[in-house]
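Please look at the sequence and the structure together before reading on. The paragraphs that follow lead from the surroundings of the ligand, through a pair of helices and the interior, to a few individual residues.

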Amino acid sequence: MSVAADKIRNRQRIIWDKFAAGWKKWDAELLDWQRPFGAAVIQGAGLRLDSTVLDVASGTGEPGLTAAALVPGGGVELTDISAGMLQVAQEKASTLGMGNVRFRVCDAAELPFDDGTFDAVLCCFGLMFFPDMRAALREMVRTAKPGARISAAVWGRAAANPWASLVLGTLAQHTELPAPPADMPGLFRCSAPGFMTRLFRGVGLLAVQERTVSTDLVHDSPASYWEFMTDIATTVATGLALADEEARSLIRSDVFQMLGRYEHGGLLRLRSTATIVTGIRA
Ligand SMILES: C[S@@+](CC[C@H](N)C(=O)[O-])C[C@H]1O[C@@H](n2cnc3c(N)ncnc32)[C@H](O)[C@@H]1O
């Protein structure tokens, strides 16, 4: 792995360890919001009751924990670079008394599993954060059995994701921060139409299919939305941390004002849209 890739990977580990507490705090809301995306990824994986499943970048446990309930005769390996995030997943599994799950802290580009181990591989909102997405995808292919499905979710275009672009756009207006280069971690790094299909085909996956799934992020007040975003959205929170005090306060008040246009029936509803991509290992 190159020095630059190693630096990105370590930075991601540190950031996500720091945000694990926020993900734990908002676990119920995150589960509610992201359920349709996890369901689409699982649907694309073609699980059987006895499937052995790998979940890459499981974070606090999804979609791995949901998948585990669907494979009572098999099991799920949940993996992530952040021990802090995975610890939350482990606590949830033990509260639920789940017996068919295991946890491994590891980099997506260096999976500690033998060739051809898994019947299905899942990866929900992880790829955009990997320094070398192709290397990680090659590892998913290597550890999958011939005929296994690989199924992933990434964020769609910024315009279809006001839940994040509202704050990120306002942040860009108030600061001199340059947009991240295309090969650096970022929420919309994989969002160009056809990008994921090319990536999946590029590592030899067959019958690659891409589709779009949308749902709303719902909050009952601007204050709740702001607290949620600064607790869980690493890209937003790290951007805000680079702005000075005055800019931060301006960004917050601009965002609160713009949230008015997302109010429907007393609730804030911000669209969120993912690309779900699946492929079959040759
Ligand atoms: C947005 S969270 C997604 C968590 C979960 N899959 C979900 O959908 O709720 C992104 C996760 O990617 C993990 N991650 C970032 N870089 C990674 C890497 N190089 N290898 C494995 N996991 C990584 C982070 O630690 C974080 O838990």
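Ala, Val, Leu, Ile, Met, Phe, Trp, Tyr, Cys and Pro count here as nonpolar, Asp, Glu, Lys and Arg as charged, and the others, Gly among them, as polar. With these classes, the residues of the shell around the ligand divide into 9 nonpolar, 6 polar and 4 charged. This is a predicted model, in which local features need pLDDT of at least 70 and side-chain atom pairs count only at pLDDT 80 or more, while totals for chains, interfaces and linings use all residues. Residues are numbered from 1 along each chain as its sequence is written.

A residue is near the ligand if its C-beta atom, placed from the backbone, lies within 6 Å of it; of the 19 residues around the ligand, Trp16, Ala57, Gly59, Ser82 and Cys124 come nearest. Helices (H or I, at least four residues) and strands (E, at least two) are DSSP runs, numbered from the N terminus, and helix 1 (residues 3-25) gives the most to this shell, with 3 residues.

Helix 1 also packs against helix 4 (residues 83-95), at an angle of about 30° and with the axes 7 Å apart. The axes are lines fitted to C-alpha atoms, for helices over the stretch in contact, and angles run from 0 to 180 degrees between N-to-C directions. Angles under 35 degrees count as roughly parallel, over 145 as roughly antiparallel, 65 to 115 as roughly perpendicular and the rest as oblique, and helix 1 and helix 4 are therefore roughly parallel to each other. Where the two helices meet, Trp16, Asp17, Ala20, Trp23 and Lys24 in helix 1 face Ala83, Gly84, Met85, Gln87 and Val88 in helix 4, contact meaning that C-beta atoms, placed from the backbone, lie within 7 Å. The residues of this contact divide into 6 nonpolar, 2 polar and 2 charged.

Turning to the interior, a residue is buried if 20 or more other C-beta atoms lie within 10 Å of its own, exposed if 12 or fewer, and partly exposed in between, with C-beta atoms placed from the backbone. A nonpolar core is a set of buried Ala, Val, Leu, Ile, Met, Phe, Trp, Tyr and Cys residues joined through C-beta atoms within 7 Å. Of the 63 residues in the largest such core, Val41, Val53, Val121, Leu122, Cys123, Ala153 and Val154 touch the most other members, and strand 5 (residues 144-155) supplies the largest share, 7 residues. Leaving aside neighbours within four places in sequence, Ala153 is in contact with residues including Phe37, Val41, Phe125 and Ile276. A second, separate core of 11 residues includes Leu166, Val167, Leu171 and Tyr262.

Most residues other than glycine have a negative phi, and most peptide bonds are trans. Alanine 57, in the loop between strand 1 and helix 3, has a positive phi near 60° and is buried, with 27 other C-beta atoms within 10 Å. Proline 63 is found in the loop between strand 1 (52-56) and helix 3 (64-70), and a cis peptide bond, with omega about 5°, joins glutamate 62 to proline 63. Phenylalanine 125, in the loop between strand 4 (118-124) and helix 5 (133-143), has a positive phi near 55° and counts as buried, with 21 C-beta neighbours inside 10 Å.
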